[in-house]
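Got your viewer open and a hand on the selection tool? Let's walk through this complex together, one selection at a time.

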Amino acid sequence: MKPVLIAAAVLLALGPFALTSQSLVNIAMLTVVSAFLGQCWNIAGGFGGLTSFGHTIFFGTGAYAAAIMQTRWGLNPWLALPAALVLGAVVGAAIGAASFRAGLRGSYFALVTLAFAEVFRVLSNSLDFTRGGLGINIPLGMGAANFQFADRRATYAVALVLLVLATSAAAWLKRARFGAQLVALRENEDAAAALGIDLVRTKTAALALSGGLTALGGVLYAQTYLYVDPSISFGVERSVEMLLVAMIGGAGSVWGPILGAIVLHIIADVSRAWIATPGFAPMLYGVVLLVIIGVLPRGIIGVWERWRA
Amino acid sequence: MLEVSGISKRFGGLQAVREVSLTVPAGGITALIGPNGAGKTTTFAMIAGFIRPDAGRIRLSGQDVTRLRPDRIAAAGMVRTFQITQPFAGLSVLENIRVGAFLRHAETAAATEAARAVGQRLGLGAFLDRPASALTVAGRKRLEVARALATQPRLLLLDEVMAGLNPTEIHEIVAMIRDIRDGGVTILLIEHIMQAVAALADNVYVLAEGALIAHGTPKAIADDPRVIEAYLGRGAAARLAAHA
Amino acid sequence: MVEIYAAALINGLLIGGVYALVALGLTLIYGVLHIVNFAHGSLLMVGMFAAWLMAEKLGVHPYAALPVVALGMFALGWLLYRLVIGRVSRGEDRAILLATLGVAVVLDNLFLTLFGGDTRQIESDLTFAVIELGPLLLSVPKVIAFAVSLLLAGALWGFMALTDTGRAIRAVAKEPEGARLMGIRPERIFALAYGIGIGCLGAAACLLLPSFFVSPHVGSVFVLVAFTIVVLGGMGSFPGAVVGGLLIGVTESMGGLWLGESLGPIGISLVFIAVLLFRPTGLFGAAR
């Protein structure tokens, strides 16, 4: 069964390279980006139970890093990837260390991340360094050396690499000591501490890992749309979408976010053909989330797991 | 191995624990008993680092662990279990035990191997792949001990592992605790039931109303009128003596 | 110079009164149900749309509509608890938080679908009316909103302290199992408390509307404000919510004055983060 599934996944992932329609490739690209961001959220929120409502902090950090490095310092945009990875991890570690040292968990952690995202939004909206509410335009200069692709299939390829990277990280968590300790903390903090697990360090590391990876998504966004602004980067909608993808697919599982992204994009594209008003598709996401919480707490992947068991 | 000197804890207006001192010699089984509300659990939580004592010192093999966090204390070789079992509900029995094993093994294969061995040794061999939430009460108590033992502690703190078990299960768990002691792990256990302790411990401390009232061998403790009164009420020792 | 500060202070206090009413609903829900109601801002948005619709389509002034909107919101809250929140609230903390988030996502986007993303306002004779107080000009709708909010806060406090229903709610908040033994059915009380909390939003919506705009996104403006107040005042504390509301109102208007319009809103988020990190019990909460 398993080799069949893997073959199907590989075929599905490589399929878009055979497409000639840019708009279809675009849909595939957006789905993969959603899956990637959901997977990043999943690393902290799923495995670690760190329900972040402000994960777009890291996305925005990466997006601004790419834009500022190019427009202010004339650096090659490919350099933004390692820079964003480091910056995202540092921001994640800082927020994590402050929050977990203060003993924040559950709803309180969710709220504090929301507030941090708002701080980032307000700052980027008012500082000259980020060009305030004007946002930053990245000058056009198509070419692989410049990380700007005319063909959406190239963007898709980069997104796919990111997704494979994040999913490998999730698969590693499933196997390795760090992941086991993270899950133990999620399930029961006192019992985990009694078994020698350092709560602050483990959770902080998880948020740093998740933050670093998420920031890569921000770089890809900046290089695809060549524009960043405060609400694109730090608005609450993106945080919520990342959470929805992971929760609907199945938080704490390796394949859940990918499944979640596919389901959400099917909902989006089908519903858009039906009622095109903005807001309709996200409303359905909310309904799906409520159904998932009520009926399938392990997400859609839980159905598969139950069927297999 | 463990030296506790003069630890105290006050919650609001209530002096929960008053200047408790005790010694746990290496290689043996020491018990801390007392009626409900005597402060056993608070004392235990202070030793394991979950509650900070207001006063006093705790030394593990000479090292001062008084202000260390629970995870540091566990890393130093003193690991507790919980009276109300705290399984990682979403994980299998083996995965639960492996969380403990990961304290000493960085590699997953080695940790899994160690966890499997501990699980089998403590009679959980048939349940290793079941979810932890599916275990019976007795099974969960074993899992608590197995997880702690998998961290390879020098000193194991057992918090009422016999509470809620039937006589057969208690008999089995007593044998299990002896077996752990014979494996070279020093044990401090707290218990409400005296009889079970008498069969196990070399040394017994009795706590009542937050303070130690007696200390000695199980035999000496069982005859101590102060202990009888603490458990059965004022005048009980005299009444028992009159009946005898 | 002094006048500018005095005006900012008074404006902050005035808006803080309405914030207090919004936060009272949130703190009541937390105190009784122990849930973090993330849908609070979105439900306020629903209330504001209700008040706007009554004014726009039926010509009823928001002040006149207040009892109807408050009752309607009470009913909506009660239903929401019975149909959605209560169903998942036996689950873990995270499921409840995510359920209230789900409700917020559904409501925000439902109104976006129905009404589009434009901001809307009503205009009445009162909108621009002012009272002169020495050198200061006080906006009449804000003064009315402040006074009525504090009046309603007092009424809610009286209801909780003096009536049998209020006592039952407090009993359930303290000791749900004990209350059950006394013949109180906690599930009913939970739905009632959630309804009252949301009813407060209906009243606040009507008081806000003459001086505030409404759009489907307005909930996210208020949700952080409301949580900041509740955390600052101490989760579950009534006096905390009122004092916190006034403090946050002043923080907001002073922040705008000192830091400018774009940087000003950072004040609230910083207060929120600082309280959570350094004094999570708030000003009035008991020590943990």
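Start by selecting chains B and C: the two do not touch, and their nearest C-alpha atoms are 11 Å apart. Keep in mind that you are looking at a predicted model. The predictor gives this complex an ipTM of 0.90 and a pTM of 0.92. Two pairs of chains are in contact, and of these, chains A and C share the most contacts.

**Stop 1: where chain A meets chain C**

Show chains A and C together. This contact draws 38 residues from chain A and 32 residues from chain C. On the chain A side, colour α5 (106–126), α11 (236–249) and α13 (280–295), each of which supplies at least two residues. The largest share of that side, 15 residues, comes from α5(A). Now colour by residue class: the side of chain A that touches chain C has 26 nonpolar and 11 polar residues, along with one charged residue.

**Stop 2: chain C by confidence**

Switch the colouring to pLDDT and leave chain C on screen. Its mean pLDDT is 87, with 97% of its residues at 70 or more. Select α7 (residues 176–181) of chain C to see where confidence in the chain is lowest, at a mean of 78. Then jump to α2 (residues 40–58) of chain C, where confidence is highest, at 94.

**Stop 3: a helix in chain A**

Next, select residues 199–225 of chain A, which form helix α9. Try your distance tool on the C-alpha atoms at its ends: they are 39 Å apart, which agrees with the 39 Å that 27 residues should span at 1.5 Å a residue. Is this helix enclosed or exposed? Bring back the rest of the structure and you will find α9(A) largely enclosed by it, because 23 of its 27 residues are buried. Just after α9(A), pick A:L226, whose phi is positive at about 55 degrees.

**Stop 4: where chain B meets chain A**

Now show chains A and B. Here 23 residues of chain B are in contact with 17 residues of chain A. The elements of chain B giving two or more residues to this side are α2 (70–75), β6 (78–80), α3 (93–101) and α4 (108–121). The largest share, four residues, comes from α2(B). By class, the chain B side has 14 nonpolar, five polar and four charged residues.

**Stop 5: chain B as a whole**

Hide everything but chain B and rotate it. Its secondary structure comes to 10 helices and 10 strands, and its C-alpha trace spans about 60 × 40 × 35 Å along the principal axes. The radius of gyration of chain B is 18 Å, which agrees with the value near 18 Å that a compact globule of 244 residues would have. Of those 244 residues, 46% are buried. A contact map would tell you something too: among contacts in chain B between residues at least 6 apart in sequence, 64% join residues at least 24 apart.

**Stop 6: one alanine in chain B**

Finally, zoom in on B:A150, in the loop between α5 (137–149) and β7 (155–159) of chain B. B:A150 counts as buried because it has 28 C-beta neighbours inside 10 Å. Which residues does B:A150 touch, leaving aside those up to four places away in sequence? Select B:I97, B:G100, B:A101, B:A114, B:A115 and B:V118 to see them. As a last distance check, draw a line from B:A150 to B:N203: they are 53 residues apart along the chain, and their C-alpha atoms are separated by 25 Å.

Conventions: Residues numbered from 1 in each chain as written. Chains lettered and ligands numbered in written order. Predicted model: local features only at pLDDT ≥ 70, side-chain atom pairs only at ≥ 80, totals over all residues. Contact = placed C-beta atoms within 7 Å. Nonpolar A, V, L, I, M, F, W, Y, C, P; charged D, E, K, R; others polar. Expected span 1.5 Å × (residues − 1). Buried ≥ 20, exposed ≤ 12 C-beta atoms within 10 Å, placed from the backbone. Rg over C-alpha atoms; globule rule 2.2 N^0.38 Å. pLDDT = per-residue confidence, 0-100.
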